[in-house]
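Please open the model in your viewer and keep the selection tool at hand. The stops below follow one another from a single helix outwards to whole chains.

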Amino acid sequence: MSILDIRGLTVEFPSRKENFVASRNVNLSVDPGKILGVVGESGAGKSTVGNATIGLLEHPGRIAHGEIHLAGQRIDNLTPEKYRELRGKRIGMIFQDPLTSLDPLQTIEFQLMETIRLHLPLSKQEAKARAIELLDQVGIPNPAERIGQYPHQFSGGMRQRVVIALALCADPEVIIADEPTTALDVSIQAQILDLMKKLCSEKNVAMLVITHDMGVIADLTDHVAVMYRGDLVEYGESKQVLGAPKHPYTQSLIAAVPRPDVKVHRFPQVDYIEGSAKPFKQIDISTHWLGKARDYKAVNGPLLSVKDITMKFLTKDAWRSKNREYFTALDKVGFDIHAGETFGLVGESGSGKSTVARVITGLYHPAGGTAHFAGQELTSLTDKKQVLAMRRQMQMIFQDPFSSLNSRMRVRDIVAEPIKFHKLASSNSQVSQIVDDLLEHVGLGVAAAAKFPHEFSGGQRQRISIARALATRPRFLVCDEPTSALDVSIQAQILNLLKDLQDELGLTMLFISHDLAVIRQMCNRIGVMRHGQLLEVSETEELFDKPKHPYTAELLSLMPSMDGLSRQNLEKQFA
Amino acid sequence: MFGFISRRIAMALVVMFVVALISFLLFRFVGDPVNQMVGVETTPEQREALRQRLGLNDPVFTQFFRYVLGAIQFDFGNSYQFKQPVADLIGRRLPATLELSFASAIFALLLGIPMGVYTGLNRDSWLSKMFLSVSLVGISLPTFFIGILFIFFFSVTLQWLPSFGRGEVVQIAPFWDTGFLTISGLKALILPAVTLGLYQMTLIMRLIRAEMLEVMRTDHIKFARARGLPNRSVYYIHALKNTMVPVITITGLQLGSIIAFAVITETVFQWPGMGILFLQAVQNVDIPIMAAYLLLTAFIFVVINLTVDILYIVIDPRLRTERSRA
């Protein structure tokens with residue numbers, strides 16, 4: 001007998017213009033002690049199902065049809081007050097970002113006690129004992145001491161454990177986890193997933209896990225439901241669905257997941273997802289402006305050579321310099337990047353990968369060490385003309401496609417700005433011709449030029465960023481987590497685009513990512529970073545086959561296993 | 001925490017020192033004080049004697065040192081127009097201004113915070129819309145006009161409240177006459193306090209409303225709801241406290257300006273506070289009063305800023321560690 005039963009759930013968001021249906025006729029059920037995964041890409045309606053179940057649909061959303069039953073009792077028609085009593089007591093919820101899920105101004109103790117005493121008739125001492133016990137269960141060391149601390153005194157992974165403890169306060173029968181590990185590093189993700197599995201079997205809780213990550217689904221769930229634009233397209237046992245997907249969407253979704261195990265030349269292109277990709281005009285690079293005047297002198301040896309770069313940030317200021325304290329973000333990092341190759345940097349958050357990118361592009365001045373680009377020293381570059389020339393040769397693509405574009409400029413102006421700034425075109429008409437061509441070439445089309453960034457999806461915005469980066473005709477691209485904010489299918493498209501551009505233009509790339517699978521597909525050589533140190537640099541295949549450093553081996557072992565995914569036949573279909 | 005506060009106090013002392021320097025220079029360079037003090041028929045010898053007596057012939061540093069030493073002991077010299085010690089003049093009027101400012105700040109906070117919370121939570125209710133449009137009037141009409149309107153309506157037409165003065169006062173300390181203890185004193189306080197606090201109330205309300213709208217969208221509020229917390233604790237424990245940091249900043253600065261610049265309201269209501277004293281001092285070039293007023297204003301702002309900084313740390317635990325590190 002299933003504890004949570006969702007029958008024919010249709011949620012709609014009525015507005016003046018249209019009646020947006022976020023989920024359509026969804027049927028799901030979860031048994032105690034089992035984990036059901038709901039997977040899909042952004043806008044698929046998976047979070048809507050979770051929010052509807054816990055009765056927290058955002059205004060003006062409402063359940064148009066369908067019923068939700070908890071332990072045989074219908075709950076979707078409860079009054080708001082009755083529903084509130086249910087929340088936390090019988091249905092718990094875990095959110096995506098542990099950094100923002102806790103009230104920053106109250107202690108952990110206050111938040112735990114408040115929740116426990118709300119739902120359970122316990123005295124203060126009993127509630128505190130329970131709170132400490134819960135923290136212990138979710139794996140927080142020294143719970144009796146740490147309970148008095150504030151959220152900011154915990155690391156991301158520890159905060160997610162606190163969030164889980166809060167969800168467990170009243171021993172709920174059902175827990176809904178909305179992207180519980182998306183904001184976490186791989187090693188932390190593995191720990192949290194283990195914890196969730198353990199709690200699920202020990203406490204016999206039913207879990208509804210909402211995620212976009214096929215790895216989490218393969219690792220954690222017993223059953224899986226695949227959603228696509230509000231529809232439940234496939235539903236069944238996880239092994240069954242992942243091993244032999246029936247619906248074409250599921251098939252394409254699985255195919256788009258970057259393979260951690262084998263290097264393939266191109267990512268399987270998934271046309272099912274973002275509409276049909278219209279064929280855009282391709283420009284002939286050999287004759288076009290973009291390809292011409294790429295008369296960079298050939299370099300002997302590496303294009304970029306970084307030696308012993310050290311970067312320190314002041315953490316405690318003092319009058320006397322010996323009392324000042326520093327955080328060492330980079331500790332003697334050194335590597336070479338040869339012309340035409342893609343060099344990958346991989347590591348967890350805080351390992352210093354992005355700092356490397358910023359030092360190379362001149363955004364930070366390092367405390368020590370040298371960086372040579374095409375034979376020229378970068379860190380001591382002061383002449384304005386030389387700095388400008390260097391900036392033109394190096395461009396950067398950032399992680400967040402939402403904040404890296406000026407929202408008040410039209411796409412045309414965004415892409416034209418670097419051309420005009422570096423005076424790379426002779427006339428305005430030539431500039432607008434180049435902008436049009438660039439937009440075509442990155443797969444956006446000329447019509448995009450007149451629009452503003454907010455009119456585009458994340459993947460399209462990342463294409464704008466790429467067009468902007470290409471507009472200076474650079475020879476070196478720094479890509480800092482260019483796809484980690486994107487859905488897998490979009491990620492595959494963007495990565496393919498980057499690969500194509502690299503082939504056409506002979507670009508050299510520094511590719512930074514926390515995702516080993518992506519790194520494996522993109523890079524020729526890889527550097528592994530931790531705590532500001534570069535632990536090892538190897539050829540890609542060598543690194544995956546025979547990792548030298550124990551930390552690399554640990555990272556590799558933590559990659560979610562995709563063994564259950566059926567790949568062979570799909571690849572033929574989509575490659 | 002202790003280190004932080006002592007650093008702040010040291011900074012405050014530097015600020016006070018600089019202000020003292022400015023107000024001292026005001027003394028020296030804005031006209032000759034002797035000219036202000038004596039009549040036309042005073043002989044040059046008499047003038048010179050006066051100079052000598054006042055110590056105006058001493059080196060600048062000695063004079064400044066004497067001035068600061070005096071200021072620390074609340075000795076700001078004698079007023080030119082009243083021929084009385086400035087400290088006495090200000091001391092007699094300070095309670096009136098402080099009581100008025102305090103009452104109007106309380107009025108602004110007690111009404112502004114709940115109205116802000118309400119309008120932030122119920123964006124579309126007619127009451128919110130009414131609060132917002134009425135407050136728009138409060139923020140756009142000049143203070144003196146509102147004061148005159150109030151006098152016309154409540155004093156002249158309805159004759160409920162007095163239109164000027166402080167009413168009966170009770171002396172509770174040598175320097176402190178309070179209007180809080182008599183009915184006529186309280187009645188006299190209402191109109192000027194409301195007039196003075198209306199703008200601040202509007203500001204606080206709008207600020208809290210904007211912050212509430214922002215905070216209610218955050219994840220931790222959603223998580224608080226998902227834990228089943230009742231609305232009351234979501235709103236007042238988790239949401240309101242998170243709006244407080246900017247509100248305290250603005251309230252502190254506003255309180256400072258209420259105290260220092262109550263001039264207009266005090267003039268409209270003939271309130272015997274520092275504002276009127278200051279206005280007269282400006283008209284009669286009474287430099288000792290102006291200089292002392294400058295020092296006092298700076299002192300009030302410094303104290304308020306210090307309090308605001310300490311309140312930040314009390315409210316937001318994240319600042320405690322960052323401050324000690326930064």
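Select first the residues that cover the buried part of helix α9(B): they include α1 (46–54) and β6 (91–94) of chain A, together with α8 (183–215) and α10 (231–260) of chain B. Contact here requires the C-beta atoms of two residues, placed from the backbone, to lie within 7 Å, and the elements themselves are DSSP runs numbered from the N terminus, helices being H or I over at least four residues and strands E over at least two. The model is a predicted one, in which local features need pLDDT of at least 70 and side-chain atom pairs count only at pLDDT 80 or more, whereas totals for chains, interfaces and linings use all residues. Residues are numbered from 1 along each chain as its sequence is written, while chains are lettered from A and ligands numbered from 1 in the order in which they are written.

Now colour α9(B) itself, residues 219–226, of which 7 out of 8 are buried. The buried ones are B:H220, B:I221, B:K222, B:F223, B:A224, B:R225 and B:A226. A residue is called buried if 20 or more other C-beta atoms lie within 10 Å of its own, exposed if 12 or fewer do, and partly exposed in between, with C-beta atoms placed from the backbone. Just after this helix, pick B:G228, where phi is positive at about 85°.

Keep α8(B) on display and add helix α5 of chain B, residues 86–121. The axes of α5(B) and α8(B) come within 6 Å and cross at roughly 35°, where axes are lines fitted to C-alpha atoms, for helices over the stretch in contact, and angles run from 0 to 180 degrees between N-to-C directions. The crossing of α5(B) past α8(B) is right-handed, a term used if the near helix is turned clockwise from the far one by less than a right angle, left-handed being the anticlockwise case. The residues of this contact divide into 23 nonpolar, 7 polar and 1 charged; Ala, Val, Leu, Ile, Met, Phe, Trp, Tyr, Cys and Pro count as nonpolar, Asp, Glu, Lys and Arg as charged, and the others, Gly among them, as polar.

Staying in chain B, select the spans that an unreviewed UniProt entry lists as "transmembrane region": residues 9–30, 100–118, 130–158, 178–199, 247–271 and 291–315. UniProt positions are given in the numbering used here, with feature names shortened, and annotations may be inferred rather than shown by experiment. Residues 100–118 of chain B are 100% helix and 0% strand, with end C-alpha atoms 27 Å apart. Residues 291–315 of chain B are also 100% helix and 0% strand, and there the end C-alpha atoms lie 36 Å apart.

Is B:L127, in the same chain, buried or exposed? B:L127 sits in helix α6 (residues 126–140) of chain B and is exposed because 11 other C-beta atoms lie within 10 Å. From B:L127, draw a C-alpha to C-alpha distance to B:L311, which is 184 residues away in sequence and 32 Å away in space.

Next, show both chains and select their contact, which takes 26 residues from chain A and 22 residues from chain B. On the side of chain A, the elements that give two or more residues are α2 (80–86), α3 (108–119) and β11 (304–316), and the largest share, 4 residues, comes from α3(A). This side of chain A divides into 10 nonpolar, 7 polar and 9 charged residues.

Turn to chain A alone, which is divided into domain 1 (4–31 + 50–204) and domain 2 (304–574), with bounds that come from an automatic or database domain assignment. The C-alpha centres of these domains of chain A lie 36 Å apart, and their contact takes 4 residues from domain 1 and 6 residues from domain 2.

Finish with two loops of chain A. A:D171 lies between α6 (156–168) and β7 (174–178) of chain A and has a positive phi of about 50° although it is not a glycine. A:R229 lies between β9 (223–228) and β10 (231–237) of chain A, with a positive phi near 45° in a residue other than glycine. A:D171 is partly exposed, with 14 other C-beta atoms within 10 Å, and A:R229 counts as partly exposed with 16 C-beta neighbours inside 10 Å.
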